[in-house]
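Good morning, colleagues, and thank you for coming. I should like to guide you through a structure that may be new to you. Please look at the display before I begin.

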Amino acid sequence: MSTRAGLTARAAVLTEFESPFHVGQIELREPAAGQLVVRTTEAPFCSTDWMGWRGMRRKTPPVVLGHTAVGVVEHTGPGVDDLAPGTRVLVAGTPQCGACFYCGIGRPDQCSVLLDGSDPVVADLTVRGETHEVRAAGRVGAYAERMLVERIQVHPLPDDLPDSLACLLGCGVSTALGAVFTIAEVQPGQSVAVLGLGHLGLWAVQGARLAGASRIIAIDGHPSRRSIAASLGATDLIDAHRGDPVAAVQALTSGRGADVVIEAAGPAIASRQAVLMARRAGTVVLTGVAHSATEVELPQLQLTVHGKRVVGCQNGQITPSVDLPRWMAMLASGELDATPFVTRRYGLDEIDTVVRRSLALDDITGVLVP
């Protein structure tokens with residue numbers, strides 16, 4: 001049943017790159033066919049968002065950042081009959097339309113709805129008498145009291161999974177666990193090196209432990225993040241700022257290099273190091289993006305004669321309808337430990353502080369509670 005929205009929402013709107021957010025009222029558009037309005041309860045802040053703030057992710061201001069969130073369904077557009085108002089949901093940044101070429105070949109991580117289009121206009125913002133169209137980053141726009149989103153990116157939440165855990169699912173958890181289980185297919189007894197220990201890298205450490213890796217090598221220049229990695233299952237810690245991390249990984253793996261390397265740092269040099277620290281015929285999963293225009297230079301011999309498999313990782317190459325319920329169950333049961341990940345919770349008015357703390361690596365994950 002369709003219902004009218006006619007709703008305003010407080011939102012943190014990026015009106016100019018690298019400038020303070022405009023926190024104020026926006027007027028949501030009416031939900032069209034296949035759309036719904038979700039009241040936001042919690043939304044994590046990650047490196048993708050400060051990159052958007054700095055103009056590194058091809059965003060077009062004015063835009064509401066935030067590419068995943070949890071919330072409660074408030075209003076539905078025509079054709080959305082399976083989610084009643086009051087349903088708790090995860091809004092994930094990767095849709096699964098089920099109709100495009102990529103969904104048809106089993107690769108919804110490349111869904112054309114997300115990657116062949118621009119961020120949609122979801123609201124209007126009036127400032128000093130002028131009205132501006134507002135876009136939603138990643139088709140979500142989580143840093144607002146309400147989101148106008150597509151049904152194909154919304155997933156009901158089980159009753160035993162609280163918002164404080166569920167909000168982590170649509171970004172770091174899905175990408176990291178997808179990298180470990182879906183892409184690398186880590187096997188018991190293998191060695192896994194994780195390069196970069198932000199929230200994604202730390203989830204990858206946990207994933208490697210759950211997959212039965214015998215040696216989990218955690219690499220980062222930040223001492224407290226290395227300490228957290230040890231508490232989550234890392235067997236070896238490498239300070240990326242001291243010496244050559246490639247040589248250090250090789251020394252821990254009989255000179256061969258790791259069976260699997262998961263790069264979760266971002267800079268181009270990290271992608272190169274990840275390829276170099278994998279053994280011959282090993283697997284390298286690249287998750288980081290420093291800038292939408294960044295290029296990576298790799299030694300040809302490593303890719304050809306040495307037979308290394310280098311794979312990209314958009315949202316862990318997961319199939320949302322299949323994999324997200326699996327990760328939900330692991331979080332709800334405690335199999336995945338979320339304790340170290342949420343550093344602080346913030347109100348919407350504190351979003352400029354969230355950006356600064358994320359840039360300074362003071363937060364593993366800051367969570368906005370609109």
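Let me begin with D109, whose relative accessible area is 0%, so the residue counts as buried. Please bear in mind throughout that this is a predicted model. D109 lies in the loop between α2, residues 101–104, and α3, residues 112–115. What does the side chain of D109 meet? It makes a polar contact of 2.7 Å with the side chain of R107. Beyond residues up to four places away in sequence, D109 touches T94, L115, Q314, Q317 and I318.

I turn next to helix α11, which covers residues 320–333. Its 14 residues, at 1.5 Å a residue, should span 20 Å, and the end C-alpha atoms lie 19 Å apart, which agrees. The buried residues of this helix are P320, D323, L324, W327, M328, M330 and L331. Because they cover an arc of only 165 degrees around the axis, they sit on the same side of α11. The face turned away from that buried side carries the exposed residues V322 and S333. Against what do the buried residues of α11 pack? Their partners are β6, β10, α4, α5 and α6. After the helix comes G334, with a positive phi near 90 degrees.

This brings me to the nonpolar cores. In soluble globular proteins, nonpolar side chains tend to be buried together. Here the largest nonpolar core has 52 residues, and L169, W203 and V205 have the most contacts inside it. At least two residues of this core come from each of α5, β11, α6, β12, α7, β14 and α11. The largest share, seven residues, is supplied by α5. V205, leaving aside its neighbours within four places in sequence, is in contact with V194, L197, I216, A218, A229, L232, G233 and A234. There is also a second, separate core of 46 residues, which includes W53, L83, V140 and A144.

W53 also appears in the surroundings of my next residue, L14. L14 belongs to strand β1, residues 8–14. Is L14 buried or exposed? Its relative accessibility is 0%, and therefore L14 counts as buried. Not counting residues up to four places away in sequence, L14 touches S19, F21, G52, W53, P61, P62, V63 and L65. As a guide to distance, L14 and S164 are 150 residues apart in sequence, and their C-alpha atoms are 25 Å apart in space.

Finally, I come to strand β5, residues 69–76, where E74 is placed. The strand is mostly covered, with eight of its eight residues buried. Which strands pair with β5? Strand β3, residues 35–45, pairs with β5 in the antiparallel sense over six bridges. In that pairing, R39 stands opposite V72. Strand β6, residues 88–91, also runs antiparallel to β5, and four bridges join the two. There, A69 stands opposite V91.

R39 has a further link to β5, through E74: their side chains make a polar contact at 3.4 Å. Setting aside neighbours within four places in sequence, E74 is in contact with L7, V37, V38, R39, P85 and R146.

To close, let me return to β6. This strand is joined to β5 by four bridges, and the buried residues of α11 pack against β6. Thank you for your attention.

Note on methods: Residues numbered from 1 in each chain as written. Predicted model: local features only at pLDDT ≥ 70, side-chain atom pairs only at ≥ 80, totals over all residues. Heavy atoms only, no water. Polar contact = N/O pair within 3.5 Å; in protein donor to acceptor, adjacent residues only side chain to side chain. Contact = heavy atoms within 4.5 Å. Buried < 20%, exposed > 50% of the residue type's maximum accessible area, 1.4 Å probe, protein only. Pairing = 2+ DSSP bridges. Expected span 1.5 Å × (residues − 1). Arc of directions from axis to C-beta. Core = buried A, V, L, I, M, F, W, Y, C linked by side-chain atoms within 4.5 Å.
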